[in-house]
Amino acid sequence: MLQHLFIGMSAHINLDLGIAAAEIAPGKAIKSLENDFMKINVVLGSLVDGVQKDLGKIWPALRILDWLAGSFDEEVAKFSMNIARDGAWKVASDLAVIDNVKARERYINDLDGRVYNFSGKVASPGFILSFIIGVIRMTERGDVKTKISQLR
């Protein structure tokens with residue numbers, strides 16, 4: 001479940017977000033989005049605790065780990081979102097000023113490849129992490145349909 005969440009978030013933040021921003025504000029207009037672009041992390045950061053509670057319905061051990069971690073896990077999540085947001089802003093800023101269609105396509109294709117490779121590492125993280133993930137998966141409650149309905 002967490003792997004799917006991270007892969008989806010990665011594709012959205014590291015690929016789609018920057019491209020969308022550059023499309024709606026090309027050239028120097030991209031600067032007009034920067035303030036709102038940076039503020040979105042405040043909104044996302046405020047949602048972390050609620051998402052953890054929802055995920056705890058599927059994987060009850062998460063509630064215990066969240067309690068043990070105190071606010072540390074929320075701070076790590078916010079820090080990670082800041083890094084991802086900064087990367088997405090770089091993509092938006094870079095793409096916004098590329099006028100040549102072929103150059104834009106090359107930039108997006110290269111970025112897509114990097115995001116794809118990262119997602120592959122999340123999906124197949126190696127033996128030790130795969131073992132840990134397998135243990136976690138065995139303790140999750142319900143099938144995919146049940147999990148999705150619990151998260152709605």
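User: Which residues does D66 touch, not counting residues up to four places away in sequence?

Analyst: With those neighbours left aside, D66 touches D49, Q52, D73 and E74, where contact means heavy atoms within 4.5 Å. Please keep in mind that this is a predicted model, in which local features need pLDDT of at least 70 and side-chain atom pairs count only at pLDDT 80 or more, while totals for chains, interfaces and linings use all residues. Residues are numbered from 1 along each chain as its sequence is written, and side-chain values use heavy atoms, with hydrogens and water left out.

User: Where is D66 found, and is it buried or exposed?

Analyst: D66 is found in helix α3, residues 61-69, helices being DSSP runs of H or I with at least four residues, numbered from the N terminus. D66 is buried, and buried means under 20% relative accessible area, exposed over 50% and partly exposed in between, with a 1.4 Å probe and protein chains only.

User: What is the nearest side chain of opposite charge to D66?

Analyst: That is K53, 6.7 Å away, and D66 has no salt bridge. Lys and Arg count as positive and Asp and Glu as negative, with His and the chain ends not counted, and a salt bridge is a side-chain nitrogen of Lys or Arg within 4 Å of a carboxyl oxygen of Asp or Glu.

User: OK, how many salt bridges does the structure hold?

Analyst: The structure holds 7 salt bridges, and one of them joins the side chains of E23 and R104 at 2.5 Å, N to O. This pair links distant parts of the chain, with E23 in helix α1 and R104 in helix α5, 81 residues apart.

User: Why does R104 count as buried?

Analyst: R104 counts as buried because its relative accessible area is 15%.

User: Which pairs lie in one helix, about one turn apart?

Analyst: K57 and D54 both lie in helix α2, 3 residues apart, which is about one turn of the helix, and their closest N and O atoms are 3.4 Å apart. K57 is partly exposed at a relative accessible area of 39%, and D54 is partly exposed at 28%. K90 and D94 both lie in helix α4, 4 residues apart and again about one turn, with their side chains meeting in a salt bridge at 2.6 Å, N to O; D94 is partly exposed at 23% relative accessibility.

User: Back to α5: what span should its 23 residues have?

Analyst: At 1.5 Å a residue, helix α5 (residues 101-123) should span 33 Å, and its end C-alpha atoms are 32 Å apart, which agrees; the expected span is 1.5 Å times one less than the number of residues.

User: And which residues of α5 are buried, and what do they pack against?

Analyst: The buried residues of α5 are R104, L111, V115, S119 and V122, and they pack against α1 and α4, the latter being residues 72-96.

User: New topic: which residues make the nonpolar surface patch?

Analyst: L5, F6, M9, I40, V43, L44, L47 and V51 make a nonpolar surface patch of about 620 Å². Such patches consist of residues with over 30% relative accessible area and no salt bridge, with like charges joined within 9 Å and nonpolar side chains (Val, Leu, Ile, Met, Phe, Trp, Tyr) within 5 Å, and the areas come from the Shrake-Rupley method with a 1.4 Å probe, where for residues only the protein chains shown count as cover.

User: Which helix gives the largest share of the nonpolar patch?

Analyst: The largest share, 5 residues, comes from α2, although α1 (2-24) and α2 each supply at least two residues. M9, found in helix α1, is partly exposed with a relative accessible area of 33%.
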